[in-house]
Every structure is written in structure tokens, then in C-alpha cells.
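Work through the exercises below with the model open. Each task is followed by a stepwise solution.

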Amino acid sequence: MAIGNVVSAVRREGRTVLTEIESKEFVHASGIPVVKARLATSQREAVAIASELGFPIALKIVSPEITHKSDVGGVRLGLKSQSEVRRAYSEIVSAARRSNAAAHILGVSVQAMAPPGVEVILGMTQDPQFGPVLMFGLGGVMVEVLKDVAFRLVPLTRYDARQMVREIRGYPILNGYRGHKPVDVVALENSLLKLSRFIAAHPEVNELDMNPVFVYQKGVLAVDARVVLKPEGA
């Protein structure tokens with residue numbers, strides 16, 4: 001689906017927060033590799049999609065009102081069979097409804113499990129004074145605990161992207177440590193540049209987070225994404 005169509009559909013519903021599936025459309029349009037997610041609105045559909053994609057599978061609740069899916073029990077990872085998918089679908093929807101009875105639950109996203117890699121976060125927010133600002137740091141819970149992140153204004157240059165990756169305290173983890181091989185920092189730099197160009201071309205984006213992004217010895221892969229649009233007319 002084209003980005004313009006996604007924005008139009010979200011605006012018609014009076015929303016600014018995109019679902020994970022819609023957010024991944026944005027990430028895909030930026031040129032950054034992303035794990036595709038498909039929406040299932042029933043147990044039967046979830047099982048059919050999982051069987052088509054191949055096990056193991058991850059399921060996540062899809063609701064505009066639920067942004068922190070793990071906090072409400074809305075995520076199940078490493079599902080290895082149709083029966084596990086069927087049970088997880090029911091558990092996820094029930095947990096989401098207990099957490100927020102007013103939430104509009106669209107269904108559950110179904111995606112193949114990505115190979116593990118070093119987790120980083122790529123993000124963007126709008127500063128009232130300076131406009132769009134990009135963020136980079138170690139991903140997962142590490143960004144919340146260590147707050148080891150770097151910031152730059154859009155548009156980024158190649159030098160900016162290179163410095164962002166190297167100035168965080170956790171850079172030795174990316175560069176190889178204790179027998180672990182270095183990851184593809186050039187692919188990280190390229191991802192930051194792609195994100196910068198995408199944000200410059202889409203001023204309607206107010207916030208964007210990709211956490212985690214797995215970095216491998218060759219390439220990167222965004223596993224989760226969240227996009228918030230500016231209010232219409234802003």
C-alpha cells in the first residue's frame with residue numbers, strides 16, 4: 001500500500017497513531033529492510049497465515065489504543081505449531097481486553113521470527129525549535145535502562161551518520177567483543193541516511209521508532225515499528 005493511501009486511511013478514522021502493520025509500511029517505503037506483518041482477525045486466519053509463513057511465528061496485538069504491546073501481554077514469540085498459534089491468539093486478545101476494555105482491537109499481526117542479532121533503535125521526533133531529530137542507540141530495554149543514544153538534526157550527512165553510530169558508549173558491542181564478530185555498521189549508517197531522507201520527504205510524520213532493529217554481520221532488519229502522524233492541519 002502506498003504511503004499516501006496509508007495516511008489517508010488513518011486520517012479518515014481520526015487517528016494519528018499507526019498500527020504496527022501500517023508503521024511497517026512506512027519503514028518499508030524508506031528502504032530499510034523490515035519483517036513484514038500480516039493481520040489476522042480470527043484464530044483460523046492466524047493459523048493459516050502462520051502455516052504459510054512457516055514456523056516459528058510471532059503474534060502481536062493490533063490496536064491503535066495499545067502502543068506498548070508487551071506491557072499488556074499482547075506479544076507471543078517463538079510459536080512452533082498451529083495449536084500454539086491458536087492458543088496464543090486467544091490469550092493475546094483476552095489480555096488486551098482486560099488491559100483496556102475500550103480499545104479497538106483490529107486483530108493480531110502474524111510474522112515470521114527474525115534471526116537474532118545485535119539490537120539497536122532508530123528513531124525520530126519533531127523538536128519545536130529545530131524540526132525533525134534522529135536518534136540512534138542500543139535497542140531493546142537497553143535504551144530505557146542506559147539511555148545511551150545519539151541525536152542529529154535532519155538532513156543527515158554521511159559524516160553525521162558515521163559519528164552517531166560511533167559516539168554511543170555501547171559502540172564496542174557493535175565493533176566486536178569477547179569473541180563476537182563486528183556487525184555491519186555501514187548498513188546502520190545507510191539506514192540512518194535512508195531514514196533521514198524519508199523523514200525530510202514526509203513532514204506529516206511526528207514520531208517514528210524502530211525498536212528493535214537487528215544488526216547482523218551483513219545487513220540490518222527492523223523487527224518492530226511505531227509511527228505517529230502530526231494532527232491533521234498541524
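**Exercise 1. Locate two prolines and describe the peptide bonds before them.**

Step 1. Pro 155 sits in the loop between β7 (149-153) and α6 (158-167). Helices (H or I, at least four residues) and strands (E, at least two) are DSSP runs, numbered from the N terminus.

Step 2. The bond joining Val 154 to Pro 155 is cis, with omega about 5°.

Step 3. Pro 212 lies in strand β8 (residues 205-215). A cis peptide bond joins Asn 211 to Pro 212, and omega is about 5°.

A note on the source: this is a predicted model, in which local features need pLDDT of at least 70 and side-chain atom pairs count only at pLDDT 80 or more, while totals for chains, interfaces and linings use all residues. Residues are numbered from 1 along each chain as its sequence is written, and side-chain values use heavy atoms, with hydrogens and water left out.

**Exercise 2. Find the buried face of α3 and what it packs against.**

Step 1. List the buried residues of α3 (residues 43-53): Ala 46, Val 47, Ile 49 and Ala 50. Buried means under 20% relative accessible area, exposed over 50%, partly exposed in between (1.4 Å probe, protein chains only).

Step 2. Look down the axis of α3. The buried residues fall within an arc of 165°, so they line one face of the helix. The arc is that of the directions from the helix axis to the C-beta atoms.

Step 3. Turn to the face away from the buried side of α3. It carries the exposed residues Arg 44 and Glu 52.

Step 4. Find the partners. The buried residues of α3 pack against β1 (38-40), β2 (57-62), α4 (82-99) and β4 (107-112). Contact means heavy atoms within 4.5 Å.

Step 5. Check the residue just after α3. Gly 54 has a positive phi of about 100°.

**Exercise 3. Examine three salt bridges and their surroundings.**

Step 1. Apply the rule: a side-chain nitrogen of Lys or Arg within 4 Å of a carboxyl oxygen of Asp or Glu. The count is 12 salt bridges.

Step 2. Take Glu 22 and Arg 15. Their side chains form a salt bridge at 2.9 Å, N to O. Both Glu 22 and Arg 15 are buried.

Step 3. Take Glu 20 and Lys 24, also paired at 2.9 Å, N to O. They are four residues apart in helix α2 (residues 20-30), so about one helical turn separates them. Glu 20 is buried at 4% relative accessibility. Lys 24 is buried too, at 3%.

Step 4. Widen the view. Glu 20 and Lys 24 belong to a network of salt bridges with Lys 60, Lys 69 and Asp 224.

Step 5. Take Glu 207 and Arg 226, bridged at 3.3 Å, N to O. This pair links distant parts of the chain, 19 residues apart: Glu 207 is in strand β8 and Arg 226 in strand β10 (residues 226-229). Glu 207 is partly exposed at 28% relative accessibility. Arg 226 is partly exposed at 27%.

**Exercise 4. Describe how α6 packs on α8.**

Step 1. Give the geometry. α6 and helix α8 (residues 185-201) pack at about 125°, with axes 9 Å apart. That angle makes α6 oblique to α8. Axes are lines fitted to C-alpha atoms, for helices over the stretch in contact, and angles run from 0 to 180 degrees between N-to-C directions. Angles under 35 degrees count as roughly parallel, over 145 as roughly antiparallel, 65 to 115 as roughly perpendicular and the rest as oblique.

Step 2. Name the residues that meet. Those in α6 include Ala 161, Met 164 and Val 165; those in α8 include Val 185, Leu 188 and Leu 192.
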